[in-house]
Every structure is written in C-alpha cells, then in structure tokens.
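Let's take a walk through this protein, from its overall layout down to a few individual side chains. Keep the viewer open and follow along.

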Amino acid sequence: MIVLGGGGAFYTSVEETPRQYVSMMFTPEIVDRGWPEPGLHFSIHEISQRAQDRLREVVRQVLLVTSDQVTIAEFATGAAIKETLLTAIDNAFAEIVPAKWTTRANTTRQFKVFNDARAILAGDVAHPIYSGELARQIGVSVRTLHDAIQRYRGISLHRYLRLRRLWLVRQQLLAGAPSVKACALAYGFWHLSDFSRSYRSQFGEAPSETLAVSRRAGVGPAEPAGGKHES
C-alpha cells in the first residue's frame, strides 16, 4: 500500500505483524501530478501487486545508487533519479485496488476523536480523567472513544487511561511527592498492591525506589496533585 500525506498531515497506526517501510519526503511538496488528495491526515491506498513490485524495485535501486559516494558530475543525475521515482509512483497510483478496509482507514471522524482525546489528556495533568468524563468532553460515547483508542494505540481505553495515570504518578514521584500512597490515591489507584505491581511492570522498579531516587537527588516535595478546589 501507499500512504500519502502533505504538509501538516497526521498519520498513526498500529501494526500487528512485521512490515517494511520506506518514507519519502519531497521538497518542495508534489502538487502537480494528479495524486489523490490526502486531506487533513495521510490517506491510505492499496495498489496492485504488480505496481507494488515495480515501485519496490525502483526504490531499492535508488537507495543503492544514492548510498554510494558520488562525484559532482554524477550528482547531476539527481533530477533523472527523481523523475524515475515519480514515474513509478504515478504508475502505482494508476493501479489503485478498490478495498473496503481503506475506506475505514481513511475516515477522519475516528481520527479526530483520537486526537481530541490526546489533546484533552495532555492539557490536564493535575488529576485523573476517566472514560466517561473524557467521552463527555469530546461529545461521543465511551464505545466510540474505546474504538478510536483501540485502533490508533492498539490497546483498550481502560488500559490507555491507566497507563497515563501511571505515568502521571511517576512524574510526581520524580518531583519528590510527599509519599507513594498519597500520590497513588490522588491519581485513582485505590488498590495499592495492584498499583505497585503495575508500576513495577511498567517501569522496572517499585514506586518507593523512584521516590527514593528523587529524594537522594535533592528534589523537594511536589505541590499536591489535586491543586486548589472550590465548591
């Protein structure tokens, strides 16, 4: 397949099997060859096996040639190399295979839900945000939010939010939090033994070890995680 994007476009995916990639960035941006319009995020297109084989071989030859030391005279062939590469891409786009999965992959709504979730979580690190509240802020159902996270991160919504809370606890401990227990409770980990196991599994050390390191480094106690609240 070919994944195509322009300046400022986004692309994220979860691959469950090993794959090989080649990334090509053209400066200035290619705008006059009739390629599909990517829109706000990269668009994905399945191509025929024949077109894929031809494009792969051209890319391989280009990499072999350009990886060698070349003289100034030889470097003048750069325009010819670029033209060969662009022609191979033209031919690949001429052999796009209609596939239902690409329609799902190119949907902008689910990608927007994912990006909205990331933006909200990045903007609020003072306290934990749970699934219902996050879905409410985005304006979707929890199921829709779960599907977006599952697709673009490869894990469930519950695990995604739990990992975020673990990272927030770690940041507080590294900043010299008053205690492990207070910090864990502040970020919603009420089952402390389960929290300790999850923390060690994620970071390779106990939370008390993280706090001890920060204190040995002379880091003072952090501000209370919840901040000031008004009723």
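Before we start, one cut-off: a residue counts as buried when its relative accessible area is under 20%, as exposed when over 50%, and as partly exposed in between. Keep in mind, too, that what you're looking at is a predicted model.

Now put that cut-off to work on I89, which is found in helix α3. I89 has a relative accessibility of 5%, so this residue counts as buried. Which residues does I89 touch, once its neighbours within four places in sequence are set aside? The contacts are M24, F26, W35 and L55. You can also look across to V58, 31 residues away along the chain: the C-alpha atoms of I89 and V58 are separated by 9.6 Å.

Stay in the helix for F93, another residue found in α3. F93 counts as buried because its relative accessibility is 11%. Leaving out its neighbours within four places in sequence, F93 is in contact with I2, L4, W35, P36 and H45. W35 is worth a closer look here, since it turns up in the contacts of I89 and also in those of F93. Along the sequence, F93 and W35 are 58 residues apart, yet C-alpha to C-alpha they are 6.9 Å apart in space.

Time to zoom out. The protein has eleven helices and two strands. Read from the N terminus on, the elements run β-β-α-α-α-α-α-α-α-α-α-α-α, which puts the two strands ahead of the helices. Of the 231 residues in the protein, 33% are buried. As for how the chain meets itself, take the contacts between residues at least 6 apart in sequence: 76% of them join residues at least 24 apart.

Between the two strands there's a detail that's easy to miss. Most peptide bonds are trans. T27 and P28, however, are joined by a cis peptide bond, with omega at about 0 degrees. P28 has its place in the loop between β1 and β2. Go on to the next loop, between β2 (43–45) and α1, and you'll find S48. Is S48 buried or exposed? With a relative accessible area of 17%, S48 is buried. Apart from neighbours within four places in sequence, S48 is in contact with E95 and V97.

Next, the largest pocket. About 1,400 Å³ of space lies in it. Its lining is made up of 38 residues, and the closest to the pocket centre are M1, I2, V3, V22 and M24. Two of these names are familiar: I2 is among the contacts of F93, and M24 is among those of I89. The elements that give two or more residues to the lining are β1 (2–4), α1 (49–66) and α3 (78–93). Helix α1 provides the largest share, six residues. By residue type, the lining divides into 23 nonpolar, seven polar and eight charged residues.

Further along the chain, stop at S131, found in helix α6 (residues 131–138). S131 has a relative accessible area of 27%, so this one is partly exposed. Setting aside neighbours within four places in sequence, S131 is in contact with V142, L145, L157 and L161. Its C-alpha atom is separated by 7.3 Å from that of H158, 27 residues apart along the chain.

Last stop: the aromatics. How many aromatic pairs does a search of the whole structure find? Nine. A pair of aromatic rings is described by the distance of the centres and the angle of the planes. For W167 and F203, those values are 4.8 Å centre to centre and 85 degrees between the planes, an edge-to-face pair. W167 lies in helix α8 (residues 157–174) and F203 in helix α10 (residues 192–203), so the pair ties together parts that are 36 residues apart in sequence. The two partners sit in unlike surroundings: W167 is partly exposed, with a relative accessible area of 43%, while F203 is buried, with 15%.

That pair belongs to a wider group, as W167, F189, F195, Y199 and F203 form one aromatic cluster. Two arginines join in. The charged end of R170 sits over the ring of F203, 4.7 Å from its centre, and R165 lies over the face of F189, at 4.4 Å from the ring centre.

Methods:
Residues numbered from 1 in each chain as written. Predicted model: local features only at pLDDT ≥ 70, side-chain atom pairs only at ≥ 80, totals over all residues. Heavy atoms only, no water. 1 Å grid on protein atoms, 1.4 Å probe; cavity = no way out; pocket = protein on both sides within 12 Å on 5 of 7 lines; lining within 4 Å. Points joined across faces, edges and corners; volume = space filled by probe spheres on them. Helix = DSSP H or I, 4+ residues; strand = E, 2+ residues; numbered from the N terminus. Nonpolar A, V, L, I, M, F, W, Y, C, P; charged D, E, K, R; others polar. Buried < 20%, exposed > 50% of the residue type's maximum accessible area, 1.4 Å probe, protein only. Contact = heavy atoms within 4.5 Å. Phe/Tyr/Trp six-rings, centres within 6.5 Å; stacked < 30°, edge-to-face > 60°. Lys NZ or Arg CZ within 6 Å of the ring centre and 35° of its normal.
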